Amino acid sequence: MKEQLEKIRQEALDALSKASDTNELDALRVRFLGKKGELTGVLKSMGKLSAEERPVMGQAANNVRAAIEEKLEEAKTALKAKALEAKLEAEAIDVTIPGDPVQLGHRHPMNKALDEAKDLFISMGFRVLDGPEVELADYNFTRLNIAENHPSRDRSDTFYITDDEKVLLRTQTSPMQIRAMDEIKKPPIRILAPGRVYRKDEVDATHSPMFHQIEGLVIDKGVTMADLKGTLETLIKAMYGEDSVIRFRPHHFPFTEPSCEVDVQCFKCRGAGCPTCKGEGWIELLGAGMVHPKVLENCDIDPEIYSGFAFGIGLERMAMRRFKISDMRMIFENDIRFLSQF
Ligand code: PHE
């Protein structure tokens with residue numbers, strides 16, 4: 001019986017040290033220590049022993065059981081540690097490998113030009129206003145003195161949001177004139193309102209169905225066309241250099257009287273005519289004029305007391321001239337190779 005116990009001990013310890021997972025350990029535990037296990041089998045046959053032999057064998061059997069149990073625990077701990085190590089190995093990150101470089105963006109030339117303009121106007125006492133791109137026809141057209149049958153209201157030019165044509169995507173930033181007067185009410189008013197506008201234009205080198213304008217509005221006592229000229233000249237010289245030449249050309253807008261367009265002499269040919277200015281020698285920059293008395297009345301401002309001027313600058317064009325960009329599509333493509341040149 002002694003040899004039998006010794007054999008069980010040897011076999012069990014051997015098997016346990018070779019076990020490679022916890023299921024196997026469990027099976028070994030049942031095989032050696034379970035109710036029908038090998039050690040139990042030996043203990044059951046102890047009845048046949050003499051009274052002197054029985055305690056000796058009992059002691060020996062308990063020793064074997066303790067040894068097997070100890071080894072079992074040991075093997076379990078070792079397997080757990082091994083599993084953890086394997087897991088760590090599989091999930092290891094090598095922090096010394098260089099990462100994917102992050103592509104940095106670049107400030108858009110249009111934002112640069114806008115910031116320059118904003119800084120200048122803020123220094124002249126203007127407030128910068130923000131307004132909705134989905135606008136009421138009332139603000140975009142009617143209160144700006146634009147007649148019901150005016151061609152700019154046509155469905156082929158304007159994106160309407162509602163079928164009754166009361167809500168639209170603003171076609172200009174000029175409705176911000178109305179919003180500014182409604183909000184501030186009492187002159188003096190000096191505001192700048194940059195933002196997106198929408199028109200049903202095909203995309204080409206100088207057109208896009210979405211573009212940007214900067215609206216300006218000044219209302220006070222005794223404001224004249226001379227103030228308009230001085231303000232715009234200051235802007236253009238700051239943008240394009242002290243030596244830039246501009247001209248005021250008579251024009252018509254329903255919401256200004258008199259109205260004008262302002263051109264800057266072509267930066268490429270200095271007025272001689274070239275492809276950039278389409279042979280004209282001049283490049284159109286903005287529309288402007290003295291605020292129409294009817295528009296003031298529409299906003300409860302007395303045109304007998306107050307007068308004012310307004311202007312609307314095409315921001316893309318301004319940035320294109322400022323940075324000598326020849327195709328408007330480049331402005332919207334956002335190709336980082338293009339943007340990072342400015
Ligand atoms: N809103 C006009 C346009 O889009 C520009 C403009 C603004 C003209 C303000 C006069 C006064 O063409």
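K76 counts as partly exposed, since its relative accessibility is 38%. That falls between the 20% cut-off for buried and the 50% cut-off for exposed. The residue lies in helix 4, which covers residues 53-91. This is a predicted model, so take every value here as computed from predicted coordinates. How far apart in space are K76 and G195? From C-alpha to C-alpha the separation is 70 Å, and along the sequence the two are 119 residues apart.

K18 makes a handy companion case. It has its place in helix 1, residues 2-18, and at 60% relative accessibility it counts as exposed. K18 and A75 are 57 residues apart in sequence, yet their C-alpha atoms are 9.0 Å apart in space.

**The sheet**

Now to the strands. The model has an open sheet of 7 strands, with mixed pairing and the order 1-4-5-9-8-7-6. Which strands stand at the edges? They are strand 1 (127-128) and strand 6 (246-253); each has a single partner strand, so one side of each is left without a neighbour in the sheet.

Strand 1 pairs with strand 4 (residues 189-198) in the parallel sense, over 2 bridges. One residue to look up there is R127, whose bridge partner in strand 4 is I191.

Strand 9 takes part in two antiparallel pairings. With strand 5 (residues 210-220) it shares 8 bridges, and E215 stands opposite G312 of strand 9. With strand 8 (residues 282-291) it shares 5 bridges, and here L286 stands opposite I313 of strand 9. Why is strand 9 described as largely enclosed by the rest of the structure? Because 7 of its 8 residues are buried.

Over in strand 7 (residues 256-265) you'll find T256. Its relative accessible area is 2%, so T256 is buried. The side chain of T256 also makes a polar contact with the side chain of S259, at 2.6 Å.

**Aromatic rings**

A pair of aromatic rings is described by the distance of the centres and the angle of the planes. The count for this model comes to 6 aromatic pairs. One of them is F121 with F126: the ring centres are 4.9 Å apart and the planes stand at 65°, so the pair is edge-to-face. The cut-off behind that label is an angle over 60 degrees.

F121 also pairs with F311. Is that pair stacked or edge-to-face? The centres are 5.4 Å apart and the planes are at 25°, so this one is stacked. The angle falls under the 30 degrees that stacking asks for. F121 lies in helix 5 (residues 109-123) while F311 lies in strand 9 (residues 307-314), so the pair ties together parts that are 190 residues apart in sequence.

What about burial of these rings' residues? F121 counts as buried at 1% relative accessibility. F126 counts as buried too, at 8%. F311 is buried with a relative accessible area of 1%. Zooming out a little, F121, F126, F309 and F311 form one aromatic cluster.

Two rings have a charged side chain over the face. R143 lies over the face of Y139, at 5.4 Å from the ring centre. K229 lies over the face of F248, at 5.0 Å from the ring centre.

**The ligand**

How many residues surround the ligand? There are 14, and the closest are Q172, S174, R199, Q213 and G312. That list includes G312, the residue that E215 stands opposite in strand 9. Three side chains have polar atoms at these distances from ligand atoms:

| Residue | Ligand atom | Distance |
|---|---|---|
| Q172 (N or O atom in the side chain) | nitrogen | 2.8 Å |
| S174 (N or O atom in the side chain) | nitrogen | 2.9 Å |
| R199 (polar side-chain atom) | oxygen | 2.9 Å |

How much of the ligand does the protein bury? Taken alone the ligand exposes 330 Å², and the protein buries 90% of that.

How values were computed
Residues are numbered from 1 along each chain as its sequence is written. This is a predicted model: local features need pLDDT of at least 70, side-chain atom pairs count only at pLDDT 80 or more; totals for chains, interfaces and linings use all residues. Side-chain values use heavy atoms; hydrogens and water are left out. Rings of Phe, Tyr and Trp (its six-membered ring) pair if their centres lie within 6.5 Å; planes under 30 degrees apart count as stacked, over 60 as edge-to-face and the rest as tilted. Buried means under 20% relative accessible area, exposed over 50%, partly exposed in between (1.4 Å probe, protein chains only). Helices (H or I, at least four residues) and strands (E, at least two) are DSSP runs, numbered from the N terminus. A charge sits over a ring if NZ of Lys or CZ of Arg is within 6 Å of the ring centre and within 35 degrees of the ring normal. A residue is near a molecule or strand if one of its heavy atoms lies within 4 Å of it. A polar contact is a pair of N or O atoms within 3.5 Å; within protein, one must be able to donate a hydrogen and the other to accept it, and residues adjacent in sequence count only if both atoms are side-chain atoms. Accessible areas come from the Shrake-Rupley method with a 1.4 Å probe; for residues, only the protein chains shown count as cover. Two strands pair if DSSP finds at least two bridges between them.
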